[in-house]
Amino acid sequence: MLDTGTTAFMLISAALVLVMTPALAFFYGGLARRKNVVNTMFMSMAVIGVVGVVWMIAGWTIAFGGDTANINPLIGGFNQLFLAGISPDSLWSTYGFPTYAMVAFQAAFAIITVAIITGSLAGRMKFSAVLVFSALWCLFVYAPLVHMVWGGGFIGGTLGALDFAGGDVVHISAGVTGLVVCILLGRRRGYGKLSYRPHNIPFVVLGTGLLWMGWFGFNAASAYGANGDAALALMNTMFSPCGAMISWMIVEKFHTGKATLAGACTGTVAGLGVVTAGAGFVDPWAALVMGTVFAPICYAAIAFLKPKLGYDDALDAFGCHGLGGIVGGIFTGLFASPDALAAAGFAGHDYGLIYGGGLLVNQLLGILATLVFVVVMSLIIGLIVKAMFGGKLAVSDSIQAEGLDACIHGESAYPAFDGLD
């Protein structure tokens, strides 16, 4: 039976999640160099079109199609290509809202996940190669991973790992893929010698605020109902980033002598990422601990680990999102409470270590399986795309020197006019 309240909730939440990708464009664009801001933002925006089309054609059915009575451990099926068999009257499972709303909600998830990857590639990857990689990755990595985690497949079904709103599916997959591809891509011209400071802090603030707003739909609506579990997820989405922002500012002040606005915004996003896996499974005090503890880990990865290892994760997709998903999954294994799990529909499932449960083992196995699948498949796809583009994913040094905005797009974010506009 159609539940109009839940339907309205899911429709609004789908729109909130879609807004996260333009928000990410502002966040990444502000962190980018002035001569590359159009290209950086365009990568996020173009992903909306590419992934949206791919999701409708085949991504949805690979993730959620197939025989629900005999679930394949790796992929859904191909019975709903082009959304075949779904009508306006189709309801999603027992939740009481239209399947179309679920398709749109999950499409927005796929879009923001792929957009996160582009942060690692900013400032040097061929634009057309980004689009081809995005389409292939959505089909062969993201959609199967959704099935494995949320569709009853190997990770969520066989291993019993829990991921409320995308710790594995979104953050680990996007952040780790960004790391793999940025290593394949190579470093930016002058990396380690030139200063790569954010060029527009107000853009970063605007992007952070819109991301946080969208994240309420992202996490809360993963309860698939306007209920107490959604309220818990929303509450945790409120307080985890608050703790992360404060702890980031403290660590940055001790390390550099100054707390920066860009840093506080980065800490906020880190707090949002780390709570995603357990948003509807942990109590609010645990969410606050998760954000507060993770922000210094994220800071250390960006400030110390990246320079030490020398990988050029341009806008720190791995440092924020990849590590956030990994640590968030572990924290879920520690803090998931029996009451919250019951409210989320997982009564009887193993729960967190601090409550005497054994969920942590399931979480570690799920994280390991996600890492292996994502690294292997992203490397294969990256090598295929590299071969398709003549063995080189990066633009030339001369284009990097002049800027990708002018050379690739013929646009400037801040044109100077001699007369009337």
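Two pockets and two residues with positive phi

The second largest pocket of this predicted model has a volume of about 840 Å³. Its lining is made up of 36 residues, and those that lie nearest the centre are Y95, W150, G151, G152 and Y224. By class, 18 of the lining residues are nonpolar, 15 are polar and 3 are charged.

Three helices each supply at least two residues of this lining: helix 2 (37–64), helix 4 (127–150) and helix 5 (154–158). The largest share comes from helix 4, with 3 residues. W150, one of the residues nearest the centre of the second largest pocket, carries the number at which the range of helix 4 (127–150) ends.

Y224 deserves a separate look. This residue is among those nearest the centre of the second largest pocket, and it is found in the loop between helix 7 (201–220) and helix 8. Its phi is near 60°, a positive value in a residue other than glycine. As a general rule, most residues other than glycine have a negative phi. Is Y224 buried or exposed? Y224 counts as buried because its relative accessibility is 13%, and the cut-off for buried is under 20%.

S93 also has a positive phi in a residue other than glycine, here near 50°. The place of S93 is in the loop between helix 2 and helix 3 (99–121). S93 has a relative accessible area of 52%, so it is classed as exposed; that class begins over 50%. The two residues thus fall into opposite classes, with S93 exposed and Y224 buried.

The largest pocket comes next. About 1,000 Å³ of space lies in it. The lining of the largest pocket has 43 residues, and Y196, P198, I302, K306 and D316 lie nearest the centre. Of the lining residues, 22 are nonpolar, 12 polar and 9 charged.

Which helices each supply at least two residues of the lining of the largest pocket? They are helix 1 (4–31), helix 8 (228–256), helix 9 (261–275), helix 10 (284–309), helix 11 (317–335) and helix 14 (397–402). Helix 10 gives the largest share, 5 residues. Two of the residues nearest the centre of the largest pocket, I302 and K306, have numbers within the range of helix 10 (284–309). Helix 8, which supplies at least two residues of this lining, also bounds the loop in which Y224 is found.

Technical notes:
Residues numbered from 1 in each chain as written. Predicted model: local features only at pLDDT ≥ 70, side-chain atom pairs only at ≥ 80, totals over all residues. Heavy atoms only, no water. 1 Å grid on protein atoms, 1.4 Å probe; cavity = no way out; pocket = protein on both sides within 12 Å on 5 of 7 lines; lining within 4 Å. Points joined across faces, edges and corners; volume = space filled by probe spheres on them. Helix = DSSP H or I, 4+ residues; strand = E, 2+ residues; numbered from the N terminus. Nonpolar A, V, L, I, M, F, W, Y, C, P; charged D, E, K, R; others polar. Buried < 20%, exposed > 50% of the residue type's maximum accessible area, 1.4 Å probe, protein only.
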